[in-house]
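This report describes one protein chain, part by part. Look at the sequence and the model before reading on.

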Amino acid sequence: MVPSENSVHVKNANTEYIPARDAGRSFGYTSDYVARLAREKKISGRRIGHQWFVDPKSLAEFVSVVSKQKTVRNDAIRRERKGERKAG
């Protein structure tokens with residue numbers, strides 16, 4: 001994760017939070033989407049003033065889980081389509 005030059009980090013007892021903008025860049029998401037994930041408690045985050053800070057490890061876990069779910073869905077669809085072609 002490469003923080004921007006003017007990036008502010010917030011440290012909790014066990015967690016370092018980075019701006020949603022920086023976290024989003026690292027994973028190919030917009031800062032708005034990352035902030036939404038934090039608001040919805042799908043990832044660990046805190047709002048300080050008008051800016052969201054998120055735990056990059058929490059976002060990485062979210063990305064991993066979503067990726068696995070996508071693979072499972074795609075495999076199920078692939079099997080379904082293969083069955084349709086055989087029946088058709």
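## Helix α1

The structure is a predicted model. Helix α1 covers residues 20–27, and within this helix A20, D22, A23 and G24 are buried. An α-helix has 3.6 residues a turn, so residues three or four places apart point the same way.

The buried residues of α1 pack against two strands, β2 (16–19) and β4 (51–54), and against two helices, α2 (31–39) and α3 (56–87). After α1 comes G28, which has a positive phi near 80°.

## The chain as a whole

The chain contains 3 helices and 4 strands. Their order along the sequence is β-β-α-α-β-β-α.

Of the 88 residues in the chain, 25% are buried. Taking contacts between residues at least 6 apart in sequence, 48% link residues that are at least 24 apart.

## The nonpolar core

Nonpolar side chains tend to be buried together in soluble globular proteins. The largest nonpolar core in this model is made of 12 residues: I18, A20, A23, V34, A35, L37, A38, I43, W52, V54, L59 and F62. Two or more of these residues come from each of α1, α2, β4 and α3. Helix α2 contributes the most, with 4 residues.

A20 and A23 belong to this core and are also among the buried residues of α1. Another core member is A35. Apart from neighbours within four places in sequence, A35 is in contact with A20 and W52.

## The β3–β4 hairpin

Strand β3 spans residues 45–48 and runs antiparallel to β4, with 4 bridges joining the two. One residue of β3, G45, has V54 in β4 as its bridge partner. V54 is also a member of the largest nonpolar core.

The hairpin of β3 and β4 has 2 residues between its strands, and G49 takes a positive phi near 65° there.

## D55, a buried charged residue

D55 sits in the loop between β4 and α3. Which side chain of opposite charge is nearest to D55? It is K57, at 6.1 Å. A salt bridge requires a distance within 4 Å, so D55, although buried, has none.

K57 does approach D55 through its backbone: the backbone nitrogen of K57 is 3.1 Å from a polar atom of the D55 side chain. Residues up to four places away in sequence aside, D55 touches T15, E16, Y17 and S44.

Terms used: Residues numbered from 1 in each chain as written. Predicted model: local features only at pLDDT ≥ 70, side-chain atom pairs only at ≥ 80, totals over all residues. Heavy atoms only, no water. Buried < 20%, exposed > 50% of the residue type's maximum accessible area, 1.4 Å probe, protein only. Contact = heavy atoms within 4.5 Å. Lys, Arg positive; Asp, Glu negative; His and termini not counted. Polar contact = N/O pair within 3.5 Å; in protein donor to acceptor, adjacent residues only side chain to side chain. Core = buried A, V, L, I, M, F, W, Y, C linked by side-chain atoms within 4.5 Å. Pairing = 2+ DSSP bridges.
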